[in-house]
Amino acid sequence: MITRQRLAAGVCALLAALAAGIAFPGGAVADETEQAAPKVELVLDVSGSMRARDIDGGSRMAAAKQAFDEVLDATPQEVQLGIRTLGANYRGNDRKEGCKDTARLYPVGPLNRTDAKTAVATLQPTGWTPIGPALLKAADDLNGGTGTRRIVLISDGEDTCQPLDPCEVAREIAAKGIGLTIDTLGLVPDAKTRDQLSCIADATGGTYTDVRHREELSDRVGQLVDRAADPVVTPVATEGAAQCATAPTLRSGLYTDREEFGQQRWYKVDVDPGKELRASVSVADDRAVNPDYGVLLRAVTVRGREIVRGEAAGDGRTDVISTGLRYPKPESDDDTAMAETVCLQVTSSFSAAAGVKTTPGLPLELTVDVVDGPSGHHDVASFGLGRGWWLLGALVLAGFVAGLLWGWLSRWRVSVWRTN
């Protein structure tokens, strides 16, 4: 079994290679076609509290408008961008009507900077703060397609339309498995606002940022829009089986699935002699779960004998838990040697908190990579150091010699001191 340190190093190296686009050999089934245009929707709070003048001597609304102008000028050409508002139109005191106040200011699509800036310039702080309804509508605006989809929510206060909890709304969006990320920014936030916006971001794997200055707002929104344009590997949806015999056979690639609470998922991978199987799994916590949880990834033979495993555990708040494994298949002198079918078993020990929905299952992301095996499998299996074993030996020898010299010098200094 690999040690925890080797697991971490192996998983990090694997993920870095995947991100660089070099980890997929010719047989990969991950999406290698031209990526769909990334989509971003900026969701702006235009409620009455945005009149407050506490950002560099100006109002929060003025800071938001300036940030939007700068971001629109710098938006990459390939990004399809839209703008949605909340609390921008209804001026009355009817809570029911106020909680419907979300509107599409500029549709998601190819960006006309002049039209988008003109639309933003007309905004005036007005009404309520229906964050939950706005997120639902924004998810609909971005629905469809396979490219990156990101909501950037900018707000200065809590949602005023409970019991539609925006945190639960974000979890429902994540549970749909549509790959939509919500990033949140809090303008001069208090503790309650910060907690709520952080919860929204955590539910979808997004980020939360405190903002207290105009420049911070412009820079952060610009970063998030640029991030949407970064090339990504699109996961392939798959469905694991309850046992290895009926499991789908996977090739090198990135896969997504759903795992019910207390359920095991099985997948198969064919590994030729002289190849190495590298696999990692991440299970996302997209809803409230109980403390004490873990995830186990096992590689076993078709007869059920365990080859190697990786496991991780935690206690308390988490957004995702990951582990991985490596299995080198030794070379064979037999030219007719067949590939070995390795069964991958994913098990997690999450349990839902009281009153929390258990369906659909938790989002699961599985990375599979079959690459050329390292030279000298015994060295890798025994030490996990490869050629680094020689460096470690040299360091040990150098330390031993240095210890001897230091001991001799110390004894010589003591003898001189006694003589004098």
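Tutor: Start with a definition: two strands pair if DSSP finds at least two bridges between them. Keep in mind that this model is predicted.

Student: What makes β4 and β5 a pair?

Tutor: Seven bridges join β4 and β5 in the parallel sense. Pairing needs at least two bridges, so the two strands qualify. In one of these bridges, Leu153 has Thr184 in β5 as its partner.

Student: How do you know that β1 pairs with β4?

Tutor: Count again: six bridges, with the strands running parallel. The minimum is two, so β1 and β4 pair. Lys39, for one, has Arg149 in β4 as its bridge partner.

Student: Why is β4 called mostly covered?

Tutor: Seven of its seven residues are buried. Burial means under 20% relative accessible area, so each of the seven falls below that cut-off.

Student: Which residues of β4 lie on each side?

Tutor: Arg149, Ile151, Leu153 and Ser155 lie on one side, and Arg150, Val152 and Ile154 on the other. Both faces are covered. In a regular strand the side chains alternate between the two faces of the sheet.

Student: What covers the buried residues of α8?

Tutor: The cover includes β1, α2, β2, β4, β5 and β6. Among the buried residues of α8 are Leu217, Val221, Leu224 and Val225.

Student: How does the span of α8 compare with the expected value?

Tutor: Helix α8 has 15 residues and reaches 22 Å from its first C-alpha to its last. The expected figure is 21 Å, and the two are close.

Student: Why are β8 and β13 called edge strands?

Tutor: Five strands form an open, mixed sheet in the order β8-β10-β15-β12-β13. β8 and β13 each have a single partner strand, so one side of each has no neighbour in the sheet. Inside that order, β12 and β15 pair in the antiparallel sense over six bridges. Leu296 stands opposite Thr347 in β15.

Student: What makes Asp210 and Arg194 a salt bridge?

Tutor: Their N to O distance is 3.2 Å. The limit is 4 Å, so the pair counts. Asp210 sits in strand β6 and Arg194 in helix α7, 16 residues apart.

Student: Is Asp210 buried, exposed or partly exposed, and why?

Tutor: Its relative accessible area is 29%. That lies between 20% and 50%, so Asp210 is partly exposed. Arg194, at 26%, is also partly exposed.

Student: Which residues form salt bridges with Glu276?

Tutor: Arg278 does, with the closest N and O atoms 2.8 Å apart. Arg326 does too, at 3.0 Å. Arg326 lies in strand β14 and Glu276 in strand β11, so this pair ties together parts that are 50 residues apart in sequence.

Student: Is Glu276 buried or exposed, and how do you know?

Tutor: Glu276 has a relative accessible area of 1%. The cut-off is under 20%, so Glu276 is buried. Arg278 is partly exposed at 26%, and Arg326 is partly exposed at 28%.

Student: Why is Leu397 called exposed?

Tutor: Its relative accessibility is 56%. Exposed means over 50%, so Leu397 passes. Leu397 lies in helix α10.

Student: What makes the nonpolar surface patch that includes Leu397?

Tutor: Leu397, Phe400, Val401, Leu404 and Leu405 make the patch, about 520 Å². Membership needs over 30% relative accessible area, so the 56% of Leu397 clears that bar as well.

Notes. Residues are numbered from 1 along each chain as its sequence is written. This is a predicted model: local features need pLDDT of at least 70, side-chain atom pairs count only at pLDDT 80 or more; totals for chains, interfaces and linings use all residues. Side-chain values use heavy atoms; hydrogens and water are left out. Helices (H or I, at least four residues) and strands (E, at least two) are DSSP runs, numbered from the N terminus. The expected span of a helix is 1.5 Å times one less than its number of residues. Buried means under 20% relative accessible area, exposed over 50%, partly exposed in between (1.4 Å probe, protein chains only). Contact means heavy atoms within 4.5 Å. Patches are made of residues with over 30% relative accessible area and no salt bridge: like charges are joined within 9 Å, nonpolar side chains (Val, Leu, Ile, Met, Phe, Trp, Tyr) within 5 Å. Accessible areas come from the Shrake-Rupley method with a 1.4 Å probe; for residues, only the protein chains shown count as cover. A salt bridge is a side-chain nitrogen of Lys or Arg within 4 Å of a carboxyl oxygen of Asp or Glu.
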